[in-house]
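Subject: Structure handover

Hello,

Here is the structure I promised to pass on. Please open it first, then read the notes below it.

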Amino acid sequence: MNAELVVRRGVLAVVFAGLLAGGVHAQSQDPTPQQQDIQNDKKESRSDKKDVAKDRADRNADQRDINHDRKDLNKDRVDRNKDQHDINHDKTQLARDDQKFGVNSAQAQADRKDLHADRVDRNQDQRDINHDRRDLNKDRVDRNADQRGINHDKKDLAEDRKDRNKDQKDINKDKKDLHKDRKDLRQDRKGHK
């Protein structure tokens with residue numbers, strides 16, 4: 001009976017050791033998908049970093065366009081105001097010449113011609129101003145869209161880093177558990193021999 005008890009215990013120990021070894025083997029296969037998750041997270045992080053860099057470059061280019069359009073707009077306004085000043089001066093001169101030399105005099109005709117040219121210049125400057133304002137508004141819209149893209153990509157990047165760190169913690173925990181299981185298995189094998 002004593003021999004039978006020893007055999008039973010031996011068989012139970014072998015079965016238990018087999019179960020533990022199977023569990024350890026199953027756990028050792030588990031980190032592979034997690035490693036793939038980490039690799040995917042790192043790949044997404046690199047992609048998000050590139051997106052952020054591209055969006056920043058776009059935003060900066062749009063800001064340069066905005067600054068350029070502002071300068072153009074200001075120059076056009078200066079030109080328009082100068083033309084308006086010329087128009088006002090020519091009107092005054094025309095009124096004086098009409099009164100002094102008559103409506104059909106050469107001086108009055110020259111003043112009318114100058115007045116017409118100044119109005120043409122002023123109207124062209126106003127069209128330039130309107131065009132530059134439209135460009136400026138479009139550039140602002142583009143810049144704001146690029147900034148929203150940057151913010152979105154930064155958020156994605158933070159999430160990817162968070163996922164990667166969580167996956168790494170899980171792998172480290174699984175490695176620790178695997179180490180403990182192997183240690184327990186070695187102790188069980190030594191204790192039953």
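**Charge on the surface**

Asp37, Glu44, Glu159 and Asp163 form a negative surface patch. Helix 2 and helix 3 are the elements that give two or more residues to this negative patch. Take Glu159 as one of its members. Glu159 sits in helix 3. Its relative accessibility is 41%, so Glu159 counts as partly exposed.

There is a positive surface patch too. Its members are Lys42, Lys43, Arg46, Lys49, Lys50, Lys54 and Arg161. Helix 2 supplies the largest share of the positive patch, with 6 residues. Arg161 belongs to helix 3. At 35% relative accessibility, Arg161 is partly exposed. Keep Arg161 in mind, as the name comes back below.

**The chain as a whole**

Please note that this is a predicted model. The chain has 193 residues, and 21% of them count as buried. How many helices and strands does the chain have? There are 3 helices and 0 strands. Read from the N terminus, the order of elements is α-α-α. Helix 2 covers residues 31-101. Helix 3 covers residues 106-191.

Now the contacts. Take those in the chain with a separation of 6 or more: 86% of them join residues 24 or more positions apart. The surface comes next. The chain exposes about 14,100 Å². Carbon and sulfur atoms supply 49% of that area.

**Buried acids**

Three aspartates deserve a look in the viewer. Start with Asp48, which lies in helix 2. Asp48 is buried, yet it has no salt bridge. Which side chain of opposite charge is nearest to Asp48? It is Arg161, 8.6 Å away. A salt bridge needs a nitrogen of Lys or Arg within 4 Å of a carboxyl oxygen. What does Asp48 touch, setting aside residues up to four places away in sequence? Asp48 touches Asp153, Asp156, Leu157 and Asp160.

Asp160 is the next one to find. It is in helix 3. Asp160 is likewise buried without a salt bridge. The nearest side chain of opposite charge is Arg161, 8.3 Å from Asp160. Beyond its neighbours within four places in sequence, Asp160 is in contact with Asp41, Glu44, Ser45 and Asp48. Glu44 is also a member of the negative patch.

Then go to Asp118, in helix 3. Is Asp118 buried or exposed? Asp118 has a relative accessible area of 11%, so it is buried. Asp118 and Asp86 are 32 residues apart in sequence. In space, their C-alpha atoms are 6.5 Å apart. Neighbours within four places aside, Asp118 is in contact with Asp83, Asp86, Ile87 and Asp90.

**Salt bridges**

Side chains of opposite charge can pair when their charged atoms come close. How many salt bridges are there in the whole structure? The search finds 3. Here they are, one by one.

- Asp98 and Arg112: their side chains meet in a salt bridge at 3.3 Å, N to O. Asp98 lies in helix 2 and Arg112 in helix 3, so the pair ties together parts that are 14 residues apart in sequence. Arg112 is partly exposed, with a relative accessible area of 30%.
- Lys166 and Asp170: this salt bridge spans 3.3 Å, N to O. Both residues lie in helix 3, 4 residues apart, or about one turn of the helix. Asp170 has 25% relative accessibility and counts as partly exposed.
- Lys173 and Asp177: here the side chains meet at 3.4 Å, N to O, in a salt bridge. This pair is separated by about one helical turn, because Lys173 and Asp177 are 4 residues apart in helix 3. Asp177 is partly exposed, with a relative accessible area of 27%.

**Where to look first**

Begin with the contact between Asp48 and Asp160. Next, find Asp118 and its contact with Asp86. After that, go to the salt bridge of Asp98 and Arg112. Finish with the two charged patches, the negative one with Glu159 and the positive one with Arg161.

Best wishes

Key: Residues numbered from 1 in each chain as written. Predicted model: local features only at pLDDT ≥ 70, side-chain atom pairs only at ≥ 80, totals over all residues. Heavy atoms only, no water. Buried < 20%, exposed > 50% of the residue type's maximum accessible area, 1.4 Å probe, protein only. Lys, Arg positive; Asp, Glu negative; His and termini not counted. Contact = heavy atoms within 4.5 Å. Areas by Shrake-Rupley, 256 points an atom, 1.4 Å probe, with all protein chains shown as cover. Patch = residues over 30% accessible without salt bridge, like charges linked within 9 Å, V, L, I, M, F, W, Y side chains within 5 Å. Charge placed at Lys NZ, Arg CZ, Asp CG, Glu CD.
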